[in-house]
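Work through the exercises below with the sequence and the structure open beside you. Try each task before reading its solution.

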Amino acid sequence: MIGSADEFVGLRRSWDGTDWQRIKRDEAPLEVWLEIVREHPDMRFWVAFNRTLPAEVVRLLSQDSDWRVRARIASRKDAPGDVLAALSADPHDAVAASVAGNPGTPDDALTRLTGHHWDQVRSKALNNSGYEPTTNEWTADIA
């Protein structure tokens, strides 16, 4: 268990791979996660990798000003559907791509992403939705 914000920061700044694994898998009390997010903004990206984050922290990080933090949250298998739906409208393409590829993304968000301007996002959203165009649709696209 990670017992303090300072411990988390120390683990992240360590050169020991075991310490880095701890920041991804060890639990911490909600108050510790909130302190890290509040007092150590440069650690938010690394917090987003922790597999045991409470939903409250996931929701908070989904609104972070750093697109890398939002993209990491968008790729989490445990991200709540409403968070993924909100992130599907994110202005950063990498965030949209992460949402489009997340198997937990709600259908309405995937449908929205099939109209995205970047073909990689559209393709991921189509693949994730299980949509398979008919031969006639493919022919119409070619013509």
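The exercises concern two helix pairs and one residue in a predicted model.

**Exercise 1.** Determine how the axes of helix α1 and helix α2 are oriented to each other.

Solution. Start with the ranges: α1 covers residues 5-13 and α2 covers residues 17-25. Their axes come within 7 Å and cross at roughly 135°. Angles over 145 degrees would count as roughly antiparallel, and those from 65 to 115 as roughly perpendicular. The helices α1 and α2 are therefore oblique to each other. The crossing of α1 and α2 is left-handed.

Next, list the residues that meet. From α1 these are Glu7, Phe8, Leu11 and Arg12, and from α2 they are Asp19, Trp20, Arg22 and Ile23. Sorted by class, this contact has four nonpolar, no polar and four charged residues.

**Exercise 2.** Do the same for α6 and helix α8.

Solution. Helix α8 spans residues 93-101, and it packs with α6 at an angle of about 5°, the axes being 8 Å apart. Angles under 35 degrees count as roughly parallel, so α6 and α8 are roughly parallel to each other.

In α6, Trp67, Arg70, Ala71 and Ala74 meet Ala94, Val95, Ser98 and Val99 of α8. By class, the contact has six nonpolar, one polar and one charged residues.

**Exercise 3.** Is Arg70 buried or exposed?

Solution. First locate Arg70: it lies in α6, residues 67-74. Its relative accessibility is 11%. Buried means under 20%, so Arg70 counts as buried.

Then look at its surroundings. The side chain of Arg70 reaches the backbone oxygen of Asp64 at 2.8 Å. Beyond four places in sequence, its contacts include Leu61, Leu87, Asp90 and His92.

Note on methods: Residues are numbered from 1 along each chain as its sequence is written. This is a predicted model: local features need pLDDT of at least 70, side-chain atom pairs count only at pLDDT 80 or more; totals for chains, interfaces and linings use all residues. Side-chain values use heavy atoms; hydrogens and water are left out. Helices (H or I, at least four residues) and strands (E, at least two) are DSSP runs, numbered from the N terminus. Buried means under 20% relative accessible area, exposed over 50%, partly exposed in between (1.4 Å probe, protein chains only). A polar contact is a pair of N or O atoms within 3.5 Å; within protein, one must be able to donate a hydrogen and the other to accept it, and residues adjacent in sequence count only if both atoms are side-chain atoms. Contact means heavy atoms within 4.5 Å. Axes are lines fitted to C-alpha atoms, for helices over the stretch in contact, and angles run from 0 to 180 degrees between N-to-C directions. A crossing is left-handed if the near helix is turned anticlockwise from the far one by less than a right angle, and right-handed if clockwise. Ala, Val, Leu, Ile, Met, Phe, Trp, Tyr, Cys and Pro count as nonpolar, Asp, Glu, Lys and Arg as charged, and the others, Gly among them, as polar.
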